[in-house]
Amino acid sequence: MKRYLTPFVQAIPPSGIRKFFDLVSGSKDIISLGVGEPDFVTPWRFRDAAVNGLEQGRTTYTHNAGLPELREAIAEYLYRQFEVKYEPRDEVLVTVGGSEAIDLALRSLVSPGDEVLVPEPCYVSYSPITAIGGGIPVGIETFAKDQFKLRAESLKAAITPRSKVLILSYPSNPTGGIMTREDYEPIAKLVEEHDLIVISDEIYAELSYDGKHCSFASLPGMRDRTILVSGFSKAFAMTGWRMGYACGHPDIIGAMLKIHQYTVMCAPVMGQLAAIEALKNGMEEKDRMVESYNQRRRLVVKGFRDIGLDIHEPHGAFYAFPSIAKTGLSSEEFAQRLLVEGKVAAVPGHVFGLGGEGFLRCSYATSVANLTEAIDRIGAFVHTLRATQNA
């Protein structure tokens with residue numbers, strides 16, 4: 001039956017993350033540092049808002065773009081937190097998770113043959129979604145010595161006459177790297193000079209630990225060139241609700257809305273009600289979760305350094321990205337052996353693209369007890385490796 005499938009779909013490999021975690025299924029006594037999902041239950045007041053909506057019979061479709069009160073809340077939140085102003089009526093679109101927003105943006109912008117510039121290591125979906133639409137993903141390697149920031153010289157070297165879209169994803173999954181306003185300024189100059197459109201995935205914006213997140217759309221001249229993508233999964237512990245949004249120029253948001261209305265119609269109303277509550281009254285709960293991640297971040301970074309593994313300090317998201325190059329193993333072999341011999345699951349860095357080989361993604365969105373035990377197990381595994389190699 002494969003002859004019926006499109007060439008684009010056949011050419012796309014399965015997700016490296018999911019492929020690896022098939023090995024975990026059914027295993028016992030495994031501590032997982034692999035899933036990029038908060039270990040917190042969605043705060044009660046968010047859940048209560050959805051329950052109240054159900055009790056009141058709010059079970060119908062909403063406006064295709066989302067409930068007006070949610071779009072207003074998103075616009076108010078982005079202006080208050082990140083100094084970016086959007087018109088709720090035609091510049092904000094509520095989507096089924098941030099993933100749908102990315103898909104809609106790429107489908108709206110990319111024609112066959114267009115190049116999409118993707119700083120890597122990065123979230124695994126950008127390049128496959130680009131390829132499905134006939135676009136050409138162009139990886140731009142970033143480096144630990146630069147804290148995995150995108151440098152202007154690297155971007156400039158990757159730009160060709162076919163370049164159309166630049167994807168920015170900071171704070172970064174998998175590296176925990178961030179970009180400051182000073183980092184973004186030379187990038188913005190190149191974006192304007194080469195007439196690029198930017199998709200800025202800011203899903204981890206609230207998980208910034210050493211200063212306030214800078215939205216790329218807040219830079220002079222970048223608002224109308226940027227599609228700001230975010231959602232409620234990470235900072236608000238709402239992964240299963242599948243609530244995201246995209247903000248940008250009304251022409252682009254209108255194009256995305258056309259695809260959205262013919263595919264999913266609208267995001268689930270119960271999730272939209274919970275999201276309204278999160279934005280209006282959920283900042284204290286969000287702040288408590290972020291502080292907990294920050295404590296775990298410090299624990300994990302110290303733990304890896306005590307083991308003797310090099311690691312840049314992640315300033316955002318909830319991932320550590322230690323180098324395992326000193327062990328002499330590939331990322332894939334290290335991760336598989338750590339799973340079998342050390343009973344810890346983490347994601348081999350190579351699945352995240354250029355620059356990922358030699359690293360391991362470890363999520364610290366789990367309990368302090370689990371993290372402490374996982375670090376002990378990784379330390380014992382690395383010690384055994386060294387003893388074997390030196391024998």
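**Helix pairs, loops and cysteines in the predicted model**

Pro121 sits in the loop that runs between strand E3 (115–120) and helix H7 (126–132). The model is a predicted one, and in it the peptide bond leading from Glu120 into Pro121 is cis, with omega near 5°. A second cis bond turns up between Tyr170 and Pro171, this time with omega near -10°. Pro171, too, is a loop residue, placed between strand E5 (163–168) and helix H9 (181–193).

Pro121 comes up again in the surroundings of Gly356. That glycine lies in the loop between strand E11 (347–348) and strand E12 (360–363). With sequence neighbours within four places set aside, Gly356 touches Pro121, Phe321, Ser331, Gly349 and His350. So the proline after the cis bond from Glu120 is one of the contacts of Gly356. At a relative accessible area of 0%, Gly356 is buried, since anything under 20% falls in that class. There is also a long-range pairing here: the C-alpha atoms of Gly356 and Thr142 are 9.1 Å apart, although their positions lie 214 residues apart in sequence.

Backbone geometry picks out two further loop residues. Ala237 is not a glycine, yet its phi is positive, at about 55°. It belongs to the loop between strand E7 (226–231) and strand E8 (243–247), and with 6% relative accessibility Ala237 counts as buried. Lys343 is the other case, again a non-glycine with a positive phi, here of about 60°. Lys343 is found between helix H13 (331–342) and strand E10 (344–345). Its relative accessibility of 36% puts Lys343 in the partly exposed class, whereas Ala237 is buried.

Next come the helix pairs. Two packed helices are described by the angle between their axes and by the distance between those axes. For helix H12 (residues 283–307) and helix H14 (residues 368–390), the axes come within 10 Å and cross at roughly 15°. Angles under 35 degrees count as roughly parallel, so H12 and H14 fall into that group. The crossing of H12 past H14 is right-handed. On the H12 side, the residues that meet H14 are Arg296, Leu299, Val300, Gly303, Phe304 and Ile307. H14 answers with Val368, Leu371, Thr372, Ile375, Ile378, Gly379, Val382 and Arg386. Sorted by class, this contact has 9 nonpolar, 3 polar and 2 charged residues.

The other pair is set up quite differently in angle: helix H6 (residues 97–109) and H10 have axes that come within 9 Å and cross at roughly 115°. With 65 to 115 degrees as the range for roughly perpendicular, H6 and H10 are therefore roughly perpendicular to each other. Their crossing is right-handed. H6 brings Glu100, Ala101, Leu104, Ala105, Arg107, Ser108 and Leu109 to the contact, and H10 brings Ile252, Ala255, Met256, Ile259, His260 and Thr263. By class, the H6 contact with H10 comes to 8 nonpolar, 3 polar and 2 charged residues.

His260 of H10, listed in that contact, also takes part in the surroundings of Met265. Met265 is placed in the loop between helix H10 (250–263) and helix H11 (269–281). Leaving out neighbours within four places in sequence, Met265 is in contact with Tyr61, Asn64 and His260. Its C-alpha atom is separated by 10.0 Å from that of Val96, which is 169 residues away along the chain. Met265 counts as partly exposed because its relative accessibility is 32%.

That leaves the cysteines. How many disulfides does the structure hold? The count is 0. Cys247 is in no disulfide, and the nearest cysteine sulfur to it, on Cys214, is 16 Å away. Since a disulfide calls for sulfur atoms within 2.5 Å, that spacing rules out a bond for Cys247. Cys247 is buried, given its 0% relative accessibility. Cys266 is likewise in no disulfide; for this residue the nearest cysteine sulfur is that of Cys247, at 18 Å. Cys266 has a relative accessible area of 11% and therefore also counts as buried.

Technical notes: Residues are numbered from 1 along each chain as its sequence is written. This is a predicted model: local features need pLDDT of at least 70, side-chain atom pairs count only at pLDDT 80 or more; totals for chains, interfaces and linings use all residues. Side-chain values use heavy atoms; hydrogens and water are left out. Axes are lines fitted to C-alpha atoms, for helices over the stretch in contact, and angles run from 0 to 180 degrees between N-to-C directions. Helices (H or I, at least four residues) and strands (E, at least two) are DSSP runs, numbered from the N terminus. Angles under 35 degrees count as roughly parallel, over 145 as roughly antiparallel, 65 to 115 as roughly perpendicular and the rest as oblique. A crossing is left-handed if the near helix is turned anticlockwise from the far one by less than a right angle, and right-handed if clockwise. Contact means heavy atoms within 4.5 Å. Ala, Val, Leu, Ile, Met, Phe, Trp, Tyr, Cys and Pro count as nonpolar, Asp, Glu, Lys and Arg as charged, and the others, Gly among them, as polar. Buried means under 20% relative accessible area, exposed over 50%, partly exposed in between (1.4 Å probe, protein chains only).
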